[in-house]
Amino acid sequence: MTDSVEVDVVPNSQPGGLLEAACSHVLQITHARCAAVIALGGDAGSGYSVMGSLDAQVLLPDILEQMAQTLRQQLARNLN
């Protein structure tokens, strides 16, 4: 597994943009405290949007780190 792949992922820079709309939709349909949407290699490039209460957003870095670790393990098993 390599960490050398480079993808420029930037925050949603367009208020009212597609990622913001998608994130808002996820937040509404799930009735969640917080939602995040990540797009890689879309028509408008790569980016992300996060919406929700600040007390829920502060949990995201730890959750994303756990997700990354799990995904790396799953990919390593599937690619070998």
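Q: Helices (H or I, at least four residues) and strands (E, at least two) are DSSP runs, numbered from the N terminus; how many of each does the chain have?
A: The chain has three helices and three strands. From the N terminus on, they run β-α-β-β-α-α. This is a predicted model, in which local features need pLDDT of at least 70 and side-chain atom pairs count only at pLDDT 80 or more, while totals for chains, interfaces and linings use all residues. Residues are numbered from 1 along each chain as its sequence is written, and side-chain values use heavy atoms, leaving out hydrogens and water.

Q: What makes E2 and E3 a pair of strands?
A: Two strands pair if DSSP finds at least two bridges between them. Seven bridges join E2 to E3, so the two strands meet that rule. They run antiparallel and form a hairpin with two residues between them. As one example of facing residues, Ala35 stands opposite Met51 in E3.

Q: Why is Ala39 called partly exposed?
A: Buried means under 20% relative accessible area, exposed means over 50%, and partly exposed is in between (1.4 Å probe, protein chains only). Ala39 has a relative accessible area of 21%, so it falls in the middle class. You can find Ala39 in strand E2, residues 34–42.

Q: Which residues does Ala39 touch, not counting those up to four places away in sequence?
A: Ala39 touches Leu19, Gly45, Ser46 and Gly47. Contact here means heavy atoms within 4.5 Å.

Q: Why does Ser46 count as buried?
A: Its relative accessibility is 16%, and the limit for buried is under 20%, so Ser46 qualifies. Ser46 lies in strand E3.

Q: How do you know that Gly41 and Ser46 make a polar contact?
A: The backbone nitrogen of Gly41 lies 2.8 Å from a polar atom of the Ser46 side chain. A polar contact is a pair of N or O atoms within 3.5 Å; within protein, one must be able to donate a hydrogen and the other to accept it, and residues adjacent in sequence count only if both atoms are side-chain atoms. The distance of 2.8 Å is therefore inside the limit.

Q: What makes Arg33 and Asp55 a salt bridge?
A: A salt bridge is a side-chain nitrogen of Lys or Arg within 4 Å of a carboxyl oxygen of Asp or Glu. The closest N and O atoms of Arg33 and Asp55 are 3.2 Å apart, so the pair passes. It links distant parts of the chain: Arg33 is in the loop between helix H1 (18–30) and E2, and Asp55 is in helix H2, 22 residues apart. The structure holds one salt bridge.

Q: Why is Leu54 called exposed?
A: Leu54 has a relative accessible area of 62%, and exposed means over 50%, so the name fits. Leu54 is found in helix H2, residues 54–57, and is one of the residues of a nonpolar surface patch of about 940 Å². H3 gives the most to that patch, with three residues. Nonpolar patches join side chains of Val, Leu, Ile, Met, Phe, Trp or Tyr within 5 Å, from residues with over 30% relative accessible area and no salt bridge.

Q: What makes the phi of His31 stand out?
A: Most residues other than glycine have a negative phi. His31 has a positive phi of about 55 degrees although it is not a glycine. His31 lies in the loop between H1 and E2 and is exposed, with a relative accessible area of 73%.

Terms used
Patch = residues over 30% accessible without salt bridge, like charges linked within 9 Å, V, L, I, M, F, W, Y side chains within 5 Å. Areas by Shrake-Rupley, 256 points an atom, 1.4 Å probe, with all protein chains shown as cover.
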